[in-house]
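Visitor: I have a new model on my screen and would like to learn how to read it. Could you take me through some features, step by step?

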Amino acid sequence: MNVAGKQLKQLQETDLALRDDRQRVSEIEQALHNDSAVVAAQKAVEDAEGHLTPKQTQLRDLELQVQTTEQKRESSQQRLYSGTVSNPKELQDIEKNIASLKKRQTSLEDTMLALMVEIENAMAVLESAQATLNSTRTESRVNNKALVEEKDQLESKMTDLHTLRATLTTSLDDDLVALYEQLRPKMAQRPIAILTDDATCSICGVRQTNTHAQDIRRGDAFLRCANCNRIILAD
């Protein structure tokens, strides 16, 4: 095999290595992203937040209602004792209104107290879920350390492979590289085959004619497999 043939074979080996490494990096990234324990812990936090937030909103609404009710009751009491109202029926109505407002305020405050207990419990659940998420993430980072290290090593290796590929394509004839690139997607990323000792194609397994095999071994030109049409090189 001449120098160009060796470089062409090495180019295919480099591209196949890059393909495999890219696939493995993608698998690692997916595994790191889809850690089931972390996903479950994150969902528990989101569920706890979804349970707590409406209660906090409800508490703020109740606080406003209590404040409004208290202001109305104080206003009615001031009117009752101001001396500006002398009609007994009107005074009686004001007293009834004050009593009703007081009763409503008491009811609202009781509801608030019960809700505050629920909020306290919900906050405890959220804090526990957040603590679990934090510990799960830490544990995941420890457990996935090997994957992260493998990913880093693969990415470093891919950088070297890209550099090697650039060197090879620069050294080879442009037309040959163009043919190689044209054949790659049509031939499962393996456009280069090797002529075996028994004159068969290393990929499709078809035996070449004696004359064709001799021409391939002579290496004067880059010839193609008579069956699969790959560039076939003598080893």
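Visitor: Which backbone nitrogen does a side-chain oxygen of Asn87 reach at the start of helix 3?

Guide: A word on the source before the answer: this is a predicted model. Now look at the start of helix 3. A side-chain oxygen of Asn87 comes to within 2.8 Å of the backbone nitrogen of Lys89.

Visitor: What is the corresponding contact at the start of helix 1?

Guide: There, a side-chain oxygen of Asn2 reaches to within 3.3 Å of the backbone nitrogen of Ala4.

Visitor: How do I check the span of helix 3?

Guide: Start with the general idea. An α-helix has 3.6 residues a turn, so residues three or four places apart point the same way. For length, use 1.5 Å a residue. Helix 3 covers residues 88-143, which is 56 residues, and should span 82 Å. Its end C-alpha atoms are 81 Å apart, so the two values agree.

Visitor: How far does helix 1 reach?

Guide: Helix 1 runs over residues 3-33, 31 residues in total. From first C-alpha to last it reaches 44 Å, close to the 45 Å expected.

Visitor: Now charges. How many salt bridges are there?

Guide: Look for a side-chain nitrogen of Lys or Arg within 4 Å of a carboxyl oxygen of Asp or Glu. The count comes to 16 salt bridges. One of them joins Asp20 and Arg19, with the closest N and O atoms 3.3 Å apart.

Visitor: Are Asp20 and Arg19 buried or exposed?

Guide: In between. Asp20 is partly exposed because its relative accessible area is 43%. Arg19 is partly exposed too, at 34%.

Visitor: Which residues are linked in a network of salt bridges?

Guide: Asp15, Arg165, Glu181 and Arg184. Within it, the closest N and O atoms of Arg184 and Glu181 are 3.0 Å apart. Arg184 has 15% relative accessibility, so it counts as buried. Glu181 is at 29% and therefore counts as partly exposed.

Visitor: Where does Gly219 lie?

Guide: In the loop between helix 6 (210-218) and strand 2 (223-224). Gly219 counts as partly exposed because its relative accessibility is 28%. A salt bridge joins the side chains of Arg218 and Asp220 at 3.2 Å, N to O. Asp220 counts as exposed, at 64% relative accessibility.

Visitor: How should I read the strands, and in which order do they lie?

Guide: Read the order across the sheet, then the sense of each pairing. Here 3 strands form an open sheet in the order 1-3-2, with mixed pairing. Strand 1 (192-195) and strand 2 are the edge strands, each pairing on one side only. Strand 2 pairs with strand 3 (residues 231-234) in the antiparallel sense, over 2 bridges. For a specific pair, take Leu223: its bridge partner in strand 3 is Ile232.

Visitor: Last topic, cysteines. How many disulfides does a search of the whole structure find?

Guide: Test the sulfur-to-sulfur distance; the cut-off is 2.5 Å. The search finds 0 disulfides.

Visitor: Why is there no bond from Cys201 or Cys225 to the closest cysteine sulfur?

Guide: Distance. For Cys201, the closest cysteine sulfur is in Cys204, 3.7 Å away, so it is too far for a bond. For Cys225, the closest is again in Cys204, at 3.6 Å, which is also too far.

Visitor: Are Cys201 and Cys225 buried or exposed?

Guide: Buried. Cys201 has 2% relative accessibility, and Cys225 has a relative accessible area of 3%.

Definitions and conventions
Residues numbered from 1 in each chain as written. Predicted model: local features only at pLDDT ≥ 70, side-chain atom pairs only at ≥ 80, totals over all residues. Heavy atoms only, no water. Helix = DSSP H or I, 4+ residues; strand = E, 2+ residues; numbered from the N terminus. Buried < 20%, exposed > 50% of the residue type's maximum accessible area, 1.4 Å probe, protein only. Expected span 1.5 Å × (residues − 1). Polar contact = N/O pair within 3.5 Å; in protein donor to acceptor, adjacent residues only side chain to side chain. Pairing = 2+ DSSP bridges.
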